[in-house]
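User: Hi! Could you walk me through this one? I'm new to reading structures.
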Amino acid sequence: MNSIKKHDLATLGACAVLFAIVQTLLFVDFIGPFWELNIILILINVILSVSLNLINGYTGQFSIGHAGFLAVGAYTGAIITVKLGLPFELALVVGTLSSALLGFLIGLPTLRLNGDYLAIATLGLGEIIRICILNIEYVGGASGLMGIPRFTTFAWAFWITIFVIFVIKNFKNSAPGRCCLAIRENEIAAETMGIDTTKYKVMAFTIGAGFAGTAGVLFAHYFYIAHPASFTFMRSFDILTMVVLGGLGSMTGAITGAVLLTAISAALAEYPEWRMVIYSLTLIILMINRPQGLFGSKELSLKMFGLGGSHNGRATESK
Amino acid sequence: MDMGSFAQQFAQQLINGISLGSIYALIALGYTMIYGIIKLINFAHGDIYMLGAYMGFVATTMLGLSFVPALIFAMVAAGIAGIIIERVAYRPMRNAPRIAILITAIGVSFFLEYGMILIATPQPRTFPPIFEATIYKFYGLIVNSQQILILVISLVLMAGLTYIVNKTKVGKAMRAVSFDADAARLMGINIDRIISMTFALGSSLAAAAGVLVGVYYNSIDPLMGMMPGLKAFIAAVLGGIGIIPGAMLGGVIMGIVEAMVSGFFSSTFRDAAAFGILILILLYRPSGILGKNIKEKV
């Protein structure tokens with residue numbers, strides 16, 4: 001137990017150092033506004049892919065409606081700050097909770113389905129959420145909710161991302177997390193062992209949806225606007241792609257996938273007409289050559305490179 | 001609204017719905033055949049439909065073909081495209097996890113969409129009026145000759161497909177592969193060839209739908225396949241995925257519901273209605289209207 005804490009503290013320290021470096025670089029204007037925007041976007045995408053990984057990777061429930069929860073978080077957060085004039089901190093909390101609540105309500109009936117059917121149902125629900133928002137005049141309808149103040153800073157985005165990663169990592173190692181892994185491996189066997197499969201599936205789905213909501217609040221408060229067109233099923237595909245590319249069921253994989261794809265997309269921004277073509281070709285070639293994702297379901301750690309073997313194999317634990 | 005005009009409006013939307021629905025049915029057939037044979041939700045299928053529309057455009061404007069040759073040209077071209085896509089992107093992944101193939105399909109979909117934007121610019125193009133619209137009126141109902149054309153062509157193609165699947169040797173092999181691929185292989189069926197054939201057939205049907213939509217709406221653009229592709233997929237699920245008559249039925253039902261929702265409520269809720277149907281059918285009858293419930297064995 002002690003070693004786990006020590007390891008966590010060491011990671012936290014490393015995060016603090018990374019934060020200090022990037023913050024300093026931002027402060028002295030070494031990183032221009034374009035890359036600052038992309039760093040924030042990377043962090044938001046990391047939250048999204050890590051939270052989707054909890055549902056798709058750890059619990060094995062194939063959900064592709066994540067953009068819907070992102071939208072709920074973005075709009076709820078924006079209502080709190082713009083319409084009600086309340087502080088950003090409250091927007092984060094309410095955005096997360098409302099998204100989680102919706103995830104709970106949606107998860108309860110749909111998680112009875114499995115495989116492709118669940119995928120299609122979540123895809124449909126994500127679109128229904130978007131179309132409903134599109135038809136609500138209070139939040140701007142088709143033209144979107146404008147005039148959102150930019151409260152999201154690098155510090156907010158960074159520490160919330162770290163928080164989400166830690167929560168999900170600890171959830172995975174907790175008793176309910178183990179139940180989720182058991183459901184992924186074999187649902188029928190898990191049920192026979194006395195695991196309440198519905199309960200844990202819905203739990204994972206709710207947590208995942210909630211954190212997608214958090215990402216939504218950050219997103220809306222960085223880009224000044226919450227627009228229905230940002231939350232189409234293409235956005236859900238984007239997030240899913242990050243998770244699968246990194247390796248389904250791997251936390252570091254999800255993070256790498258998010259960083260890599262967002263960075264590729266940003267680096268290609270200079271060639272707008274070629275951007276999506278190269279992006280899609282990269283995707284196809286990577287998937288053909290590594291169908292299990294970059295890391296499979298393994299976690300990336302220093303040990304992989306033969307360095308720092310003092311983690312007692314915790315971080316390299318395979319499924 | 002009194003009863004008479006309600007009935008008239010209802011009949012009018014029914015006509016519009018059936019013609020829209022036969023388009024969905026044509027696309028849904030490809031989805032259902034491909035799903036039936038390799039259990040892949042081919043997200044690129046909607047973009048094959050777009051490709052077909054552009055091929056029809058090329059055939060009529062650059063090659064100066066008339067309607068039927070242009071339709072055949074588009075179907076053949078899209079069929080070849082389908083074979084190439086399967087060969088290059090899906091065949092290397094035959095044994096990969098299904099989610100990986102799904103991501104590849106999404107990648108192919110992006111590639112077709114943005115590749116087409118690169119070649120043909122994102123601006124919508126006006127489809128040449130190769131089939132004049134004549135308006136027939138009877139009992140106050142308006143029927144466009146193009147709607148009749150859509151219906152007739154769809155019926156002919158569906159009849160052709162039903163014949164191929166049920167009466168020919170290739171069709172028999174397709175059914176065998178979709179029933180049990182390993183057993184089919186043991187019986188000496190060349191699975192790869194049959195899968196290629198399935199992609200060719202499905203893609204050419206989608207291309208026909210693309211040309212028909214081009215003729216009917218006069219406008220095509222590189223992203224036109226996204227929504228209809230998704231809806232046709234819902235239609236396939238609605239009828240029972242993997243079941244060919246189910247796709248036709250599902251397509252027509254989807255078309256009618258959409259036309260009714262736009263006619264009687266608001267067209268902004270049209271898409272929500274489509275997804276609403278999807279959720280309901282998944283919750284209450286996940287195997288679709290014509291599907292059989294198969295118990296999972298432990």
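User: How far apart do the C-alpha centres of domain 1 and domain 2 of chain A lie?
Analyst: In this predicted model, those two centres are 23 Å apart. Domain 1 of chain A covers residues 1–31, and domain 2 covers 32–305.
User: And how many residues does each domain give to the contact?
Analyst: Domain 1 of chain A gives 6 residues and domain 2 of chain A gives 8 residues. On the domain 1 side, 5 are nonpolar, 1 is polar and none are charged.
User: Cool. Switching to the two chains: how many residues does the contact take from chain A and from chain B?
Analyst: It takes 32 residues from chain A and 31 residues from chain B.
User: Which element gives the most on the chain A side?
Analyst: That's H5(A), with 11 residues. Helix H10 (233–246) and helix H12 (272–289) of chain A are also among the elements giving two or more residues. By class, the chain A side has 24 nonpolar, 5 polar and 3 charged residues.
User: New topic: where does A:Leu48 lie?
Analyst: A:Leu48 is part of helix H2 of chain A, which runs over residues 33–58.
User: Is A:Leu48 buried or exposed, and why?
Analyst: A:Leu48 is buried, because 31 C-beta neighbours fall inside 10 Å, and the cut-off for buried is 20 or more.
User: Which residues does A:Leu48 touch, leaving out those up to four places away in sequence?
Analyst: A:Leu48 touches A:His66, A:Leu70, A:Ala212, A:Ala215 and A:Ile239.
User: And how far is A:Leu48 from A:Ser98 in space?
Analyst: Going C-alpha to C-alpha, they are 16 Å apart, with 50 residues separating them in sequence.

Definitions and conventions: Residues are numbered from 1 along each chain as its sequence is written. Chains are lettered from A and ligands numbered from 1 in the order in which they are written. This is a predicted model: local features need pLDDT of at least 70, side-chain atom pairs count only at pLDDT 80 or more; totals for chains, interfaces and linings use all residues. Domain bounds come from an automatic or database domain assignment. Two residues are in contact if their C-beta atoms, placed from the backbone, lie within 7 Å. Ala, Val, Leu, Ile, Met, Phe, Trp, Tyr, Cys and Pro count as nonpolar, Asp, Glu, Lys and Arg as charged, and the others, Gly among them, as polar. Helices (H or I, at least four residues) and strands (E, at least two) are DSSP runs, numbered from the N terminus. A residue is buried if 20 or more other C-beta atoms lie within 10 Å of its own, exposed if 12 or fewer, and partly exposed in between; C-beta atoms are placed from the backbone.
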